[in-house]
Amino acid sequence: MAVAKPRRFLLSSAMFIVLEGIDGTGKSTQSQLLAEWFRSQGRDVVTSREPTDGPWGKKLRQSAAAGRLSPEDELDYFLKDRSQHVAELITPSLAAGKVVILDRYYFSSMAYQGTRGFDPLEIRRRNEAFAPIPDQLFILDIDVDTALSRIGNRGDSANEFEQRESLQRCREIFLSLSDEPFAHVIDSRGSLEEVQAAIRESLG
Ligand code: TYD
């Protein structure tokens with residue numbers, strides 16, 4: 001009888017997984033499905049997201065509603081939010097041998113704050129000075145038109161046009177990471193089940 005290949009993630013070692021992509025790619029649903037799957041394998045899983053629900057994350061969410069922060073303040077708040085997230089949740093969970101699954105991380109700062117005028121590589125350098133690099137990065141990828149229609153935006157008004165241009169640039173920055181040894185680009189146009197299957201396949 002064939003013996004299944006041992007899989008590194010079935011052992012009790014810590015594993016750090018990040019899902020990224022532009023808005024409308026289904027990251028949060030896919031993170032939850034992946035977490036359920038790891039739990040069904042008997043693994044202890046922690047899921048989280050950025051911006052977090054901590055004080056800096058709250059300020060960022062409020063600012064999105066109340067008028068956007070300056071590019072400098074926005075980047076600064078994301079760095080502070082992440083620094084707290086790393087210290088309080090990410091590092092201790094990995095040290096305890098858990099699977100940590102994040103919906104967004106510093107690659108979102110490269111993409112979104114990069115789109116606001118900062119050099120994505122400089123943002124990466126500043127983050128990697130304190131934030132651990134994930135074992136696996138899944139870039140959920142769809143074209144901007146599909147993403148906009150999923151979030152209920154037809155791209156007609158001037159504001160929506162601006163949003164389209166920014167999302168296009170964000171998508172390009174995410175895709176620029178595709179050569180990293182820990183990165184997988186996942187075509188996310190399919191059904192939830194198809195996308196989840198592609199993620200699990202890449203973990204194989
Ligand atoms: P999002 O995951 O879309 O949260 P919600 O489901 O509450 O809308 O994240 C909110 C926004 O924050 C999203 O448009 C991307 C942005 N963002 C950055 O600009 N920089 C970052 O570093 C992160 C983590 C997110």
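This passage describes the nonpolar core, one enclosed helix and several salt bridges of a predicted model. Local features are reported at pLDDT of at least 70 and side-chain atom pairs at pLDDT 80 or more, while totals for chains, interfaces and linings use all residues. Residues are numbered from 1 along each chain as its sequence is written, and side-chain values use heavy atoms, with hydrogens and water left out.

The largest nonpolar core (buried Ala, Val, Leu, Ile, Met, Phe, Trp, Tyr and Cys residues joined through side-chain atoms within 4.5 Å) holds 31 residues, of which Phe 16, Ile 22, Tyr 105, Phe 107 and Leu 137 touch the most other members. Buried here means under 20% relative accessible area, exposed over 50%, and partly exposed in between (1.4 Å probe, protein chains only). Among the elements that each supply at least two residues of this core are strand E1 (15-20), helix H3 (71-95) and helix H4 (106-115), where helices (H or I, at least four residues) and strands (E, at least two) are DSSP runs numbered from the N terminus.

Helix H4 is largely enclosed by the rest of the structure, because nine of its ten residues are buried; Phe 107 and Tyr 112 are among them. Just after H4, Gly 117 takes a positive phi of about 115°.

The structure holds 13 salt bridges, each a side-chain nitrogen of Lys or Arg within 4 Å of a carboxyl oxygen of Asp or Glu. In one of these, the side chains of Asp 141 and Arg 171 meet at 2.8 Å, N to O, and this pair links strand E4 to helix H7 across 30 residues. Asp 141 counts as buried, at 14% relative accessibility.
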